[in-house]
Amino acid sequence: MAFKNIPKPNELAQIGHKPPLMKGWLDTPVDIRTGVFCYAGQPKNLEAVGLPNPRKWAPTDDDWQLPDNWKEIFLEGMRERLDKYRTFQIFMDICVRCGACADKCHFFIGSGDPKNMPVLRAELLRSIYRREFTFAGKLLGKMAGARELTPEVLKEIWYYMFQCTECRRCSLFCPYGIDTAEITIIGRELLNLLGLNIDWIAGPVANCYRKGNHLGIEPHAFKDMIDFFLDEIEGVSGIRPEPTFNRKGAEILFVTPSGDVFADPGTYTAMGYLMLFHQLGLDYTWSTYASEGGNFGFFTSNEMAQRLNYKIYAEAKRLGVKWILGGECGHMWRLIHQYMDTWSGPADFLEEPVSPITGTKFENAKATKMVHLVEFTADLIRNGKLKLDPSRNDNLRVTFHDSCNTARGMGFFEEPRYVLKNVCNNFFEMPENTIREQTFCCGSGSGLNAGEDMELRMRGGFPRANAVRYVHDKFGVNMLANICAIDRAALSTSMEYWVPEVGVTGLHEMVANALIMDGEGERTTDLRGEPLPGFEEKEEGEEDV
Ligand code: SF4
Ligand code: SF4
């Protein structure tokens, strides 16, 4: 019972946006509430990746067992990052507190908590910056918006840095281009210097570092799961794909989030990948070592994100492939497009990706050598290389959720829509101010998709769910498509809570349902085993038309 400890949707939707503060925010102490925070990182997970101060602690403890010189560590870390990242220095200096970002954050919209306004979230750190690093702050103190870093203030910073999904929606509306997500990233880095991570991030990071994927799946279990998908595909289509694993000399390395291999509804998306690649006769291999596209290191520190990202390239080198094809993921792509080249690139040991089916050169992937499967599939469709029967998806009335990372992080708006419109006949957009670059976060990204913070997640998921509710009521939408593994997991829960009439699917599940494969048998069910349109069981007494 995922929702047993949180209010019912009609109660949670009663959100007051009037600041409850009787005093100024600087004088209002933090109230760390159950249902909003995630559990602390376990010592074994911090130890696995060499993070400092591993110990058992809980956010509700009075004493967080910090090192004696914790303040010095935090401030020195801040000083280093002000020197290293010009953006951080600028974002600390130039906010004019105009408030244009204030009502753009899904956590503020869903909670009404003023400290979830992006401007105020950033002020939590900025107030320390002013006190320690500016003349005015040192001289005028509170009058200049400065405050001292105390244990209570540190707790407040922790609480709100883990109520930001680093989605960057607020930055879109800031006239100065301040990116609060970058401030959160630095904030979390500083907290990690003191051993203040959450376990839903520390656990996956440790797993990924030791075993290649966030879920800690061993190579044989990874392969067993794919074998299970092959059985399912054979049952549905009569065709059994023959994927290879860790094969040296393959042309392409395929990497996708482990959520696609182990969690519904991502598993159906993974079946879609297998069917598409089989139909194309693609010379590709899966890796059971680089078996994770996502990167929870990104929610810990730049260094950790680089460490986890690099394994994909190390594996591509080991296997001697030409280029990398990536599945439906969110943060994998933001990292590849915005950070990878600076961290470890360019990947000169690989070749500029060329589709072996259409001959299209993916010049956009010249440096990273990594192509998103959705652009690969869009190119196949555009060149008439796929036989598709969109009527097989006629039981679905579909809308599309732009993932923050692929949409705002990559400008990836049209390709998924192009694919979607070719594999289904009933597509409906959500309101304009909730899609494309203005998309709302699923509410559980950046490592917040835990069970214990369900109230926070449902509050943060409210704006997206509200837009889904709108198209459900207006157009009868019953399926929410997306191209991100975290979205598939997070939106399934948030739909169950807010709009239970709507299911969640990956794009390539729909592609595979519509795909006419050479030599396939008559298909009567979709990949979930549900009857395809025209093959529903007749009710008693009902006649053929
Ligand atoms: S929109 Fe930009 S300048 Fe205005 S308050 Fe927000 S972060 Fe500051
Ligand atoms: S990045 Fe997203 S979650 Fe974070 S403050 Fe901005 S809108 Fe809110």
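A cavity, as the word is used here, is a set of grid points where a 1.4 Å probe fits but cannot get out. With that in mind, let's walk through the structure above, which is a predicted model.

Start with the overall layout. The domain assignment divides the chain into domain 1 (9-30 + 52-196) and domain 2 (204-514). If you mark the C-alpha centre of each domain, the two points are 31 Å apart. Where the domains touch, domain 1 contributes 27 residues and domain 2 contributes 31 residues.

Now for the enclosed spaces. How many cavities of 30 Å³ or more does a search of the whole structure find? The search turns up four. The largest cavity holds about 180 Å³ of space. Its lining is made of 19 residues, and those nearest the centre are Thr165, Cys404, Asn405, Gly445 and Ser446. If you would like to find this lining by secondary structure, look at helix H16 (331-338), helix H19 (404-407) and helix H23 (485-498), each of which supplies at least two residues. In chemical terms, the lining of the largest cavity has eight nonpolar, eight polar and three charged residues. Where does this cavity sit relative to the domains? Domain 1 and domain 2 both give residues to the lining, so the largest cavity lies between them.

The second largest cavity holds about 140 Å³ of space. Its lining counts 18 residues, with Cys95, Cys101, Val119, Cys174 and Ile178 closest to the centre. Two elements give two or more residues to this lining, namely helix H6 (118-133) and helix H10 (180-192). Of the elements, H6 gives the most, with four residues. By class, the lining of the second largest cavity has 14 nonpolar, two polar and two charged residues.

Next, turn to a pocket, which is an open set of points rather than an enclosed one. The second largest pocket contains about 360 Å³ of space. It is lined by 25 residues, and Trp200, Leu215, Ser258, Gly259 and Ile486 are the closest to its centre. Helix H11 (199-211), helix H13 (259-262) and H23 each give two or more residues to this lining. H23 provides the largest share, four residues. You have met H23 already, as it also supplies at least two residues of the lining of the largest cavity. The pocket lining comprises 12 nonpolar, nine polar and four charged residues.

H23 also leads us to a small sheet. Three strands form this open sheet in the order S5-S6-S7, with parallel pairing. Why do two of the strands have a side without a neighbour in the sheet? Strand S5 (398-400) and strand S7 (503-506) stand at the edges and have a single partner strand each, so one side of each is left free of a neighbour in the sheet. On average, neighbouring strands of this sheet are turned by 30° against each other, direction ignored. S5 pairs with strand S6 (residues 479-482) in the parallel sense over three bridges. As a landmark within that pairing, find Phe400, which stands opposite Ala481 in S6.

Two helices can be placed against these strands. H23 packs on the sheet by touching S6 and S7, and its direction makes about 170° with that of S7. Helix H24 (residues 507-514) lies across S5, S6 and S7, and runs at about 80° to S7.

To finish, here are some backbone details to look for in the loops. A cis peptide bond joins Asp264 and Pro265, with omega about 0°. You will find Pro265 in the loop between H13 and helix H14 (266-280). Another cis peptide bond runs from Gly345 to Pro346, with omega near -10°. Pro346 belongs to the loop between helix H17 (340-343) and strand S4 (370-372). Glu166 is also worth a look: its phi is near 55°, a positive value in a residue other than glycine. Glu166 sits in the loop between helix H8 (151-161) and helix H9 (169-173).

Definitions and conventions: Residues numbered from 1 in each chain as written. Chains lettered and ligands numbered in written order. Predicted model: local features only at pLDDT ≥ 70, side-chain atom pairs only at ≥ 80, totals over all residues. Heavy atoms only, no water. 1 Å grid on protein atoms, 1.4 Å probe; cavity = no way out; pocket = protein on both sides within 12 Å on 5 of 7 lines; lining within 4 Å. Points joined across faces, edges and corners; volume = space filled by probe spheres on them. Nonpolar A, V, L, I, M, F, W, Y, C, P; charged D, E, K, R; others polar. Domains from an automatic or database assignment. Pairing = 2+ DSSP bridges. Axes fitted to C-alpha atoms, helices over the stretch in contact; angles between N-to-C directions. Contact = heavy atoms within 4.5 Å.
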